[in-house]
Amino acid sequence: MQVVSAQQMRDIEKKSIEEYGIPSLLLMENAALAVTQEIRQILEDKQIENGKVIVLIGKGNNGGDGLAIARHLLILGIDVSVLSFAKTAEFKGDAALNCHLYINAGGKFFRIEDEKQLRAARLALNHADIIVDAIYGTGLRGALPSLVEEYVKEVNRTQAWVIAVDIPSGLEADTGRVYRNAIRAQTTVTFGLPKLGHFLGKGPEYSGKVIVDPISIPAKFLEQEEVATFVLTEDVVRSFLPVRTLQGHKGTHGRGVLVAGSLGMTGAAVLAGKAALRSGIGLLQIITPQGAASLVDLGLTEATVWPAPAKDILDSQAWSVIADKCQDAQALAIGPGLGKNTDFIAVLEEVLRSVELPVILDADALNLIAENPGILGWRQGRGPLILTPHPGEMARLCGCSVQEIQDNRLEIALNKAVEWGAILVLKGAVTIVASPDGRAFLNPTGNPGLGTGGTGDVLTGSILGWLAQGVSSFEAACLGVYLHGKAADELAQDVGWSGFTASEVADQLPKVRRAVELL
């Protein structure tokens, strides 16, 4: 599914109106029906027979949606009240018509003029079962007006279920930024296509569950060629999964080389190796220092472990072993638990220059390259490259602050993917997989439980497993990211967002892959 900016969605709607002939009033009506249906479902799920709904509106089209929603709820016999930050005379066009229809139908309409009404509004909000946020739509930039902000704070203090219309008020549609305050919704019903702000920045935190309704816009208008940012879905991921045959064996299921581990950090190599095996790799070879080899071998009996000459941490002598084992392999991953021995930079340079296999660089491999990021340019034209930085590693590679990375995640990921000629997996609350051809996938799976040691190693190993099985670099990165997050989501259903381990995430990978296959 494509993800769009606010302007891109406006262009799509305009095209639908002008070329397909859909009246704008019909789009507003369909948007209202989509939200009304969600409200009915929530009341039913909560077994609330006589629900009370408060709809907060502004003067724009988002407010018009709110007025149409209120009218439909009124028709259904639901107790609904509208709290408006605009005078009735301020509504224009379709919003004005919906204001007229709602009030003429006997709807309760209360104008908010100042903070003096806050006490009465607080009482009404605290008695509501559902609050609908239709104050601002995708056009808002910057902070909420101070008066609106006070009421938004009250909404966020209530126990009511909050539904945002299109996007939570106060959340920027293109960036996911929040200036001071925004509506915290449990559900957001958005129209046509999801917006970038639902996934970037604070978007996931404030949007809650995002439901997308096409509101009768034809698919050909939604499938815009110039839109190159997508949400990873199970249908897309399923199409990336390799198909196995009855004649398959360990040789046909791919051979991967993992360069990982150092004394004291052998667990990283074991976790990455386990994830590669759990992702279906046929043969896994791990290259690690002599002093760590026995521990890695003991921790992962299914892999072949090759000790490199160094005692505790890999150095330039590892290159001969890596070059030898890559001859019969389909993919190479370097980084988990590697340690930061600057002598190893020479090995990374050789890999970038001469290894034609798909290569994944993670963790300390990225930290070493951050000493001279220009060497990434040596890779172009020599074979696929996947980089898997977390924000801190990305900041070091880019020579900027972590905050700069977090404030411009999509833009930086795409720009650097093009500059470095690499698939860039920028990890975070919504991991971004960016391609040098300008495409990007936003991953909706995963949760804060992944914020524990070793989960990044699991992701690297999983991507290695898919590469070795012949999946293309971009698709392997997407597969690894999606299933890694889905494994964590499955674990969270049992234990919540804390307490599960990286090893458990790896062990969950075959189950979630199978679930995707069977859907």
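Which right-handed unit do E1, helix H3 (residues 61–75) and E2 make? The views below address this and other parts of a predicted model, in which local features need pLDDT of at least 70, side-chain atom pairs count only at pLDDT 80 or more, and totals for chains, interfaces and linings use all residues. Residues are numbered from 1 along each chain as its sequence is written, and side-chain values use heavy atoms, with hydrogens and water left out.

**View 1. Strands E1 and E2 with helix H3.** E1, H3 and E2 form a right-handed β-α-β unit; a crossover is right-handed if, with the strands pointing away from the viewer, the path from the first strand over the helix to the second runs clockwise. Helices (H or I, at least four residues) and strands (E, at least two) are DSSP runs, numbered from the N terminus. Strand E1 (residues 52–57) runs parallel to E2, and six bridges join them; two strands pair if DSSP finds at least two bridges between them. Ile57 is placed opposite Ser84 in E2.

**View 2. Strands E2 and E3 with helix H4.** E2 (residues 79–84) pairs with strand E3 (residues 108–111) in the parallel sense over four bridges. Within this pairing, Ser81 has Lys108 of E3 as its bridge partner, and Val82 has Phe109. Together with helix H4 (residues 93–104), E2 and E3 make a right-handed β-α-β unit. Five of the six residues of E2 are buried, so the strand is mostly covered; buried means under 20% relative accessible area, exposed over 50%, and partly exposed in between (1.4 Å probe, protein chains only).

**View 3. Strand E5 between E4 and E6.** Strand E5 (residues 161–165) is largely enclosed by the rest of the structure, because four of its five residues are buried. E5 runs parallel to strand E4 (residues 130–134), to which four bridges join it, and Val132 has Ile163 of E5 as its bridge partner. From E4 the chain crosses through helix H6 (residues 146–157) to E5 in a right-handed β-α-β crossover. Three bridges join E5 to strand E6 (residues 187–191), again in parallel, with Val189 of E6 as the bridge partner of Val165.

**View 4. The ten-strand sheet and helix H18.** The strands of this open sheet follow the order E8-E17-E16-E15-E14-E13-E12-E9-E10-E11, with mixed pairing. Strand E8 (229–231) and strand E11 (304–308) stand at the edges with a single partner strand each, so one side of each has no neighbour in the sheet. From one strand to the next, the twist averages 15°; axes are lines fitted to C-alpha atoms, for helices over the stretch in contact, and angles run from 0 to 180 degrees between N-to-C directions. Helix H18 (residues 455–468) packs on the sheet, where the strands it touches include E9 (255–259), E10 (283–289) and E12, and its direction makes about 170° with that of E12. Contact means heavy atoms within 4.5 Å. Strand E12 (residues 331–334) and strand E13 (residues 359–361) run parallel, joined by three bridges, and Leu332 has Val359 of E13 as its bridge partner.

**View 5. Thr266 and two cysteines.** Thr266 belongs to helix H10 (residues 266–278) and counts as buried at 15% relative accessibility. Leaving aside neighbours within four places in sequence, Thr266 is in contact with Ala292, Leu295 and Val296. Cys99 is buried, with 5% relative accessibility, as is Cys326, with 8%. The count of disulfides is zero, a disulfide being a pair of cysteine sulfur atoms within 2.5 Å.
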